[in-house]
Amino acid sequence: MNISRYLDHAVLKPNLTDQEVRDAIQAGIDHRVYSVCVRPCDIDLAREMCEGTDTLVTCVLDFPHGDSTAEGKAALAELYAAKGVAEIDMVMNYGYARSGKWDAVAADVAGVVEAVSRRGVAVKVILETCCLTLEQIRKSTQVCADAGAAFVKTSTGFAASGASEEAVRAMLEAADGRIKVKASGGIRDYAAAKRYVDLGVDRLGVGFGSTAVICQGEADACQ
């Protein structure tokens with residue numbers, strides 16, 4: 001499978017102009033990425049632009065800190081699902097995870113999953129692994145699987161660091177085939193992208209400026 005079909009092409013910078021958002025979404029479509037991952041305010045535009053293409057629309061939820069209430073997250077998730085997104089990348093309350101409040105983490109995730117399940121929307125949970133110990137990463141992965149999430153994801157890309165092989169291995173091990181893993185944050189070239197795919201991830205989150213570089217790197221490697 002082409003590397004582009006692993007990519008969630010992130011268009012999330014808060015200062016983007018309307019034209020910059022349009023250009024970034026179009027670049028994702030042109031490279032046939034799996035999805036464009038957009039800010040909630042850009043869902044309607046992304047849906048319009050991606051209609052009839054091979055590219056789906058993902059949006060973020062409670063991004064980038066994950067510290068809203070469970071009720072608020074669920075309500076927004078239902079709204080975004082009604083707008084037609086295919087997937088939602090929600091930020092876990094990683095302060096709860098660091099505190100060992102696993103019932104609260106589970107309720108947070110399960111509420112979002114329940115809110116969007118009837119529309120068939122997949123939920124990915126961003127752990128922000130750079131803020132967690134390996135044991136907390138493993139436990140978070142298991143809790144998210146139990147709560148019905150489709151994926152766990154390493155990072156928002158807005159914290160101190162992004163994906164690491166150590167964190168991804170811990171997630172894959174804890175997942176035990178019950179939940180998929182998405183590596184995100186700091187993946188800027190084909191070598192890094194391929195390394196995570198070879199480890200066993202099902203999706204890669206990349207900034208919109210890196211998609212062309214990654215896809216060109218694959219083309220060069222195949223020559």
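The buried residues of helix α5 (buried meaning under 20% relative accessible area with a 1.4 Å probe, protein chains only) are covered by elements that include β3 (56–61), α3 (70–82), β4 (87–91), α4 (94–99), β5 (122–126) and α6 (134–146). The model is predicted, with local features requiring pLDDT of at least 70 and side-chain atom pairs pLDDT 80 or more, whereas totals for chains, interfaces and linings use all residues. Residues are numbered from 1 along each chain, and side-chain values rest on heavy atoms, without hydrogens or water. Helices (H or I, at least four residues) and strands (E, at least two) are DSSP runs numbered from the N terminus.

Helix α5 comprises 15 residues, 102–116. Its buried residues are Trp 102, Val 105, Asp 108, Val 109, Val 112, Val 113, Ala 115 and Val 116.

Helix α3 packs against α5 through contacts (heavy atoms within 4.5 Å): Ala 70, Lys 73, Ala 74, Ala 77, Glu 78 and Ala 81 in α3 meet Asp 108, Gly 111, Val 112, Ala 115 and Val 116 in α5. The axes, lines fitted to C-alpha atoms over the stretch in contact, come within 8 Å and cross at roughly 25°. The helices α3 and α5 are therefore roughly parallel to each other, a term that applies to angles under 35 degrees.

The largest nonpolar core, a set of buried Ala, Val, Leu, Ile, Met, Phe, Trp, Tyr and Cys residues joined through side-chain atoms within 4.5 Å, holds 71 residues, of which Ile 25 and Leu 204 touch the most other members. Helix α5 supplies the largest share of this core, 7 residues.

Methods. Expected span 1.5 Å × (residues − 1). Buried < 20%, exposed > 50% of the residue type's maximum accessible area, 1.4 Å probe, protein only. Axes fitted to C-alpha atoms, helices over the stretch in contact; angles between N-to-C directions. Parallel < 35°, antiparallel > 145°, perpendicular 65-115°, else oblique.
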